[in-house]
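Visitor: Please show me the model, and let us go through it by question and answer.

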Amino acid sequence: MGDSTRHERWDGWLRRPALGLNSLMQIPDKIQSSLKVHFGRFLNKDGHGRRMSAEVSSEKAKQSCSAAASASAEFRLDRQLQAWWDNPSWTDEPPEIKVTVPEDSLCNLNLRFKAGLPPDAVYNIIIDPENKRVFKNIKEVISRKVLLDEGSRQIVEVEQAAIWKFLWWSGILSVHVFVDQNRKNHTVKFRQGRTGFMRKFEGCWKIEPLFVDKELCLPLDPHTLEEYESCTGGRGRVGCAITLDQLIEPALLPPPPISWYVRGITTRTTEMLVNDLIAETARLRGISNNTVTKQDTEEMGGASPSDPTRESGDIKERWRQRRKSGRHGSSLRLSSQLL
């Protein structure tokens with residue numbers, strides 16, 4: 001209640017011609033009650049304001065820390081990529097594939113391989129929602145919805161149409177999965193949502209750092225990325241060791257020999273996926289040699305292949321854009337690898 005209102009109230013009471021004793025005795029109580037209401041509102045407002053101020057400050061602090069962490073991660077990845085562009089020498093090897101047949105399941109696939117790019121770069125390829133260009137077995141992403149976004153971790157619901165091929169057979173399979181992608185430990189976990197042809201379809205990508213130029217640290221033996229970067233002066237290349245575990249259990253397990261063919265289709269499709277990923281890392285690794293394909297030139301807006309400076313700058317800008325998209329959760333590249 002404002003001062004002018006209180007003044008009118010008290011002035012009105014005092015002007016009344018006939019005030020009894022009881023009324024006079026009630027005046028202090030009414031004044032006290034009015035003051036309590038007024039100051040109570042003020043204190044509540046002030047307390048609420050302080051809480052809001054604290055919440056805003058806390059949110060700004062979180063955003064500041066997140067921005068600083070993102071800038072630091074981007075700087076580190078830029079440096080790691082530059083080391084590869086300066087020295088792209090690397091021999092890609094085919095993945096090691098282990099196929100087991102658990103009871104009541106079609107197969108459990110375990111693939112292990114190495115890639116000549118840093119973990120963050122490979123992770124970006126895997127979770128990229130637009131990685132259809134990389135993985136040839138993805139026909140289209142039917143739907144995609146981010147269910148949880150915690151910055152470095154997202155949970156995404158994805159439905160996609162995947163292409164399978166085996167010998168002279170081929171077809172399209174719709175897959176609905178929930179994907180848990182975590183940049184902190186470079187893991188991408190997926191599991192089936194709606195059941196259909198498959199009763200169980202789940203797995204996990206795991207990407208771990210690989211110290212390619214470890215001999216530069218001799219006689220030291222670095223065990224962490226910080227130790228490796230320190231002893232190589234930031235010039236050591238960081239590759240990665242990648243593992244893909246995948247369990248497939250169809251709704252109806254076909255008898256042999258049909259199950260053998262289906263198992264072969266599944267294994268071949270997953271192997272194609274991994275080979276596509278390896279081919280993309282090789283393409284990106286060779287950019288520093290100015291070996292740009294026609295598609296690369298078109299994506300860079302028609303830049304002339306004879307202009308190395310323009311080419312190098314455009315490539316780096318594309319990488320920055322990819323990482324930026326990945327950090328804001330517009331990335332779900334993992335669905336591509338689901339089949």
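Visitor: Which residue forms a salt bridge with glutamate 226?
Guide: This is a predicted model. A salt bridge needs a side-chain nitrogen of Lys or Arg within 4 Å of a carboxyl oxygen of Asp or Glu. Here the closest N and O atoms are 3.8 Å apart, and the partner of glutamate 226 is arginine 76.

Visitor: How many residues apart in sequence are the parts that this pair ties together?
Guide: Glutamate 226 lies in helix α4, residues 225-231. Arginine 76 lies in helix α2, residues 21-86. The pair therefore ties together parts whose separation in sequence is 150 residues.

Visitor: Is glutamate 226 buried, partly exposed or exposed?
Guide: Buried means under 20% relative accessible area, and exposed means over 50%. Glutamate 226 has 47% relative accessibility, so it counts as partly exposed. Its partner arginine 76, at 27%, also counts as partly exposed.

Visitor: Which residues are linked in a network of salt bridges with Arg76 and Glu226?
Guide: Arg76 and Glu226 form a salt bridge. They also belong to a network of salt bridges. The other members are Arg79 and Glu229.

Visitor: Where does the partner of lysine 136 lie?
Guide: Lysine 136 forms a salt bridge with aspartate 276, with 3.2 Å between the closest N and O atoms. The pair links distant parts of the chain, 140 residues apart. Lysine 136 is in the loop between α3 and β3, while aspartate 276 is in helix α5.

Visitor: Which residue of that pair counts as buried?
Guide: The cut-off for buried is under 20% relative accessible area. Lysine 136 has 60%, so it is exposed. At 11%, the buried residue is aspartate 276.

Visitor: What is the N to O distance between aspartate 221 and lysine 214?
Guide: Aspartate 221 counts as partly exposed, at 42% relative accessibility. Lysine 214 counts as partly exposed too, at 34%. Their side chains meet in a salt bridge, with an N to O distance of 2.9 Å.

Visitor: How many salt bridges does the structure hold?
Guide: Three have come up by pair: glutamate 226 with arginine 76, lysine 136 with aspartate 276, and aspartate 221 with lysine 214. They are among a total of 16.

Visitor: Which cysteine does a disulfide join to cysteine 217?
Guide: A disulfide is a covalent bond between the sulfur atoms of two cysteines. A search of the whole structure finds one. The S to S distance is 1.8 Å, and the partner of cysteine 217 is cysteine 231.

Visitor: Is that link right-handed or left-handed?
Guide: The angle about the S-S bond is 55°. The link of cysteine 217 and cysteine 231 is right-handed.

Visitor: What parts does the disulfide tie together?
Guide: Cysteine 217 is buried, at 3% relative accessibility. Cysteine 231 is partly exposed, at 23%. The two are 14 residues apart in sequence, so the pair ties the loop between β7 and α4 to helix α4.

Visitor: Where is the place of proline 219?
Guide: Most peptide bonds are trans. The bond from leucine 218 to proline 219 is cis, with omega near 10°. Proline 219 sits in the loop between β7 and α4.

Visitor: Which residue does a cis peptide bond join to proline 256?
Guide: Omega of this bond is about 0°. Its second residue is in the loop between β8 and α5. That residue is proline 257.

Visitor: What is phi of histidine 186?
Guide: Most residues other than glycine have a negative phi. Histidine 186 lies in the loop between β5 and β6, and counts as buried at 15% relative accessibility. Its phi is positive, near 55°.

Visitor: Which element gives the most to the lining of the second largest pocket?
Guide: The pocket has a volume of about 300 Å³. Of its 16 lining residues, the closest to the centre are Trp164, Leu173, Phe197, Ile265 and Thr266. At least two lining residues come from each of β4, β5, β8 and α5. With five residues, the element that gives the most is α5.

Visitor: How many residues of that lining are nonpolar, and how many are charged?
Guide: Four lining residues are polar. The count of charged residues is zero, and the count of nonpolar residues is twelve.

Definitions and conventions:
Residues are numbered from 1 along each chain as its sequence is written. This is a predicted model: local features need pLDDT of at least 70, side-chain atom pairs count only at pLDDT 80 or more; totals for chains, interfaces and linings use all residues. Side-chain values use heavy atoms; hydrogens and water are left out. On a 1 Å grid over the protein atoms alone, a cavity is a set of points where a 1.4 Å probe fits but cannot get out, and a pocket is an open set with protein on both sides within 12 Å along at least five of seven lines; lining residues have an atom within 4 Å of a point. Grid points are joined across faces, edges and corners, and a volume is the space filled by probe spheres set on the points. Helices (H or I, at least four residues) and strands (E, at least two) are DSSP runs, numbered from the N terminus. Ala, Val, Leu, Ile, Met, Phe, Trp, Tyr, Cys and Pro count as nonpolar, Asp, Glu, Lys and Arg as charged, and the others, Gly among them, as polar. Buried means under 20% relative accessible area, exposed over 50%, partly exposed in between (1.4 Å probe, protein chains only). A disulfide is a pair of cysteine sulfur atoms within 2.5 Å.
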